[in-house]
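User: Could you take a close look at one part of this model for me? I would like to hear how two of its helices meet and which charged side chains pair up.

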Amino acid sequence: MKTSSLELYVDPISQPVRAVMAFCEFNKIPVTLKPMRIFRGDTFSEEFRKINPSGLLPFLKDGDLGLIESHAIMRYLASTQKVDDHWYPADPKIRAKVDQYLDWHHLNTRTAANWLRAKNNIPGQGGLRTYDEEVEKKLLDATLNHIENEFLSKTEFIATDGKPSIADLSAACELIQLELASFDFGKYPKIGRWLCKLFQMEPMQKAHKEFYIWVGKIKAKPKL
């Protein structure tokens, strides 16, 4: 990506960060990446908190504008950059379907994926919630069944046919995180095909390069 007035603070181990990175790659948005390391404590530094008091990633800086939340960032970039319509369609009915998934995402896809990672002792996830095996399984099954039978029931992608939207990036970057727990998507063939299709695309591969290196390191560690 080329140097730009747009600055994007990132750590590729983060699912929302990778979604925004992939969006920028797909659309060749000239943004300057500012690498950070969450586990190293970079987001707690005084320097970073001066420009981003929340300390959250991803963080987009565009002049005097600072934005957190990956969905807000992708919507903003879709509105201000040269982006193909399918990413955030102008048609209000199709856009509503994209927004519907994005609003549903945090308490469903993201929550379910995080619970399974915590169950498998993935670093950085402990201590966030009290975990119940039955609750975890029900939430994950309900989430994946809804994506399989509702969001992917009539369209090739979550809200669109032929080409993905920002909803697909958000969902896919979250679900691929289950790779850390060696999750088998065999019960969900539509999700499996959809993920394969997305991850065959070069921008998705580029956005996940560092993540897969990290996954390899995590999996190589012996269970104590």
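Analyst: Happy to help; here is a walk through one helix contact and then the salt bridges. Please keep in mind that this is a predicted model.

Let's start with the helix pair. Helix 1 covers residues 15-27 and helix 6 covers residues 166-175. Their axes lie 8 Å apart, and the two pack at an angle of about 135 degrees. An angle over 145 would count as roughly antiparallel, and 65 to 115 as roughly perpendicular, so helix 1 and helix 6 are oblique to each other. The crossing of helix 1 past helix 6 is right-handed.

Which residues make this contact? From helix 1 come Q15, R18, A19, A22, F23 and F26, and they meet I166, L169, S170, C173 and E174 of helix 6. Sorted by class, the contact holds 7 nonpolar, 2 polar and 2 charged residues.

One of the helix 6 residues in that contact, E174, also leads us to the charged pairs. The side chain of E174 forms a salt bridge with that of R110, at 3.0 Å from N to O. Because E174 sits in helix 6 and R110 in helix 4 (residues 92-119), this pair ties together parts that are 64 residues apart in sequence. The two partners differ in their surroundings: E174 has a relative accessible area of 1%, which means that it is buried, while R110, at 22%, is partly exposed.

In general, side chains of opposite charge can pair when their charged atoms come close. The model has 8 salt bridges in total, so let me show you a few others besides the one above.

K137 pairs with D141, with the closest N and O atoms 2.8 Å apart. Here both partners belong to helix 5 (residues 133-151), and they are 4 residues apart, about one turn of the helix. K137 has a relative accessible area of 51%, so K137 counts as exposed. There is also a small network to look at: D11, R37 and E210 are joined by salt bridges that share partners.

Finally, R40 forms a salt bridge with D42, where the closest N and O atoms are 2.5 Å apart. R40 is exposed because its relative accessibility is 60%. D42, in contrast, has a relative accessible area of 17%, and is therefore buried. As with E174 and R110, then, it is worth viewing each partner of this salt bridge on its own.

Definitions and conventions
Residues numbered from 1 in each chain as written. Predicted model: local features only at pLDDT ≥ 70, side-chain atom pairs only at ≥ 80, totals over all residues. Heavy atoms only, no water. Axes fitted to C-alpha atoms, helices over the stretch in contact; angles between N-to-C directions. Parallel < 35°, antiparallel > 145°, perpendicular 65-115°, else oblique. Left-handed = near helix turned anticlockwise from the far one by under 90°. Contact = heavy atoms within 4.5 Å. Nonpolar A, V, L, I, M, F, W, Y, C, P; charged D, E, K, R; others polar. Salt bridge = Lys/Arg side-chain N within 4 Å of Asp/Glu carboxyl O. Buried < 20%, exposed > 50% of the residue type's maximum accessible area, 1.4 Å probe, protein only.
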